[in-house]
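Open the model in your viewer and keep the selection panel at hand. The stops below say what to select and what is there.

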Amino acid sequence: MAGHSIEANGYSAQIASTGAGLRAVRWGDRLLTETWEIEPGVKPPLSCGLVLAPWPNRTGDGRYTYDGQNYELPITEAARNNANHGFVRMVDWNVLDTTGSSVTLGIAVGQHPGWPFDLQLTVTYSLDAGGLTVTHTTTNSGKQKAPYALGQHTFVRLGDVPADDCKLQLAARKYQPLDPERQLPDGPPVDAAGTDFDFSTPQPVSGHWLDTPFTDMADVAGFITHRLIGPDGDATELWTDLNFPWVQAFTADPAHDQPYPGRGRAVAIEPMTAPPNALASGTDLIELEPGQIWTGRWGLRYRGAGDNRE
């Protein structure tokens, strides 16, 4: 699992070739993401930082119908009988371009059982004074229309502050109820206001366990911003453009047999273009005609307590 390092304006980042994984982002010596040791052939803990495509999250029973044809994907989450997180998270991506402050990786998704579509993916990680920008580009290189969705399994942190000493703020006004047995959507999204899933104002991470999709985002000038806020008011911010109308909030938690190594409790804010089971439901599913290109952007930055916010 080769690594690539970039830096600019006080920020630095490390990117793994496998899964085009975001291994670490720092502002000075302050980590803004969870990190891991690169070991060949070993999946990062809890898929930390990995790109999830051509669908994120779960496809129930691996089955979906697209453009009048029925398809069945290999089951990769046997306990829940789901096809999980696409095809590219444990594949080495190719380096297409690199500078001191950016790196671009690319991969052909390839055809697989239940997936006869040809897609070319690229991701560019770049740093400047505004922090990290991640640009995803997907091209339908085949001869038929193709379904598509994308996510990235991003764990955020605020230096060495324990997650449970932080607060979480999400720009979402609705959450997606899930079947607890299979983690698939159970009914339509629900208004979050007044519920335990209302993070529109900062709420303590402590006392919450989340593995929950959120949507109906409040945007400011075409951007959506989620925050992990420390006790002193500084924050790690994860922003997206409007091409990411979903976010999955996840809490790594020893009490749920999913600790983050060396940290215990940890928080993931995962930008997604579509919810779980989107291949089957069609909800917010991207459709690419032959030759069509899709682009979406998100990023990370550090905000001091006195910095102006959007």
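Which residue in S25 is the bridge partner of Val-247? Select Val-247 and Pro-271 together: Pro-271 is that partner. The model is a predicted one, and the tour starts from this pair.

**Stop 1: strand S25**

Extend the selection to strand S24 (residues 246-252), which pairs with S25 in the antiparallel sense over seven bridges. Next add strand S16 (residues 155-156), joined to S25 by two bridges and also running antiparallel to it. Here Val-156 has Val-267 of S25 as its bridge partner.

Now show the side chains of S25 (residues 266-272). Ala-266, Ala-268, Glu-270 and Met-272 point one way, while Val-267, Ile-269 and Pro-271 point the other way. In a regular strand, side chains alternate between the two faces of the sheet. Seven of the seven residues of S25 are buried, Glu-270 included.

**Stop 2: the nonpolar cores**

Select Trp-93, Trp-115, Leu-121, Tyr-125 and Tyr-148. Within the largest nonpolar core, which has 70 residues, these five touch the most other members. The element that gives the most to this core is strand S12 (residues 119-128), with five residues.

Ala-266 and Ala-268 of the previous stop belong elsewhere: together with Phe-250 and Ala-252 they are among the nine residues of a second, separate core.

Return to Tyr-148 and display its contacts, leaving aside neighbours within four places in sequence. The list is Ala-53, Pro-54, Leu-119, Leu-121, Thr-138, Leu-285, Ile-286, Leu-288 and Trp-294.

**Stop 3: the cysteines**

Select Cys-48 and Cys-166. How many disulfides does the structure hold? The count is zero. For Cys-48, the nearest cysteine sulfur is that of Cys-166, 16 Å away; for Cys-166, the nearest is that of Cys-48. A disulfide needs the two sulfur atoms within 2.5 Å, so at 16 Å Cys-48 is in none.

Are these two residues buried or exposed? Cys-48 has 1% relative accessibility and therefore counts as buried. Cys-166 is buried too, with a relative accessible area of 2%.

**Stop 4: the open sheet S1-S2-S3-S4**

Finally, select the four strands that form an open sheet in the order S1-S2-S3-S4, with antiparallel pairing. Strand S1 (3-8) and strand S4 (30-31) are the edge strands, each pairing on one side only. Six bridges link S1 to strand S2 (residues 11-16) in the antiparallel sense. To see one of these matches, select Ser-5 and its bridge partner in S2, Gln-14.

Notes. Residues are numbered from 1 along each chain as its sequence is written. This is a predicted model: local features need pLDDT of at least 70, side-chain atom pairs count only at pLDDT 80 or more; totals for chains, interfaces and linings use all residues. Side-chain values use heavy atoms; hydrogens and water are left out. A nonpolar core is a set of buried Ala, Val, Leu, Ile, Met, Phe, Trp, Tyr and Cys residues joined through side-chain atoms within 4.5 Å. Buried means under 20% relative accessible area, exposed over 50%, partly exposed in between (1.4 Å probe, protein chains only). Contact means heavy atoms within 4.5 Å. Two strands pair if DSSP finds at least two bridges between them.
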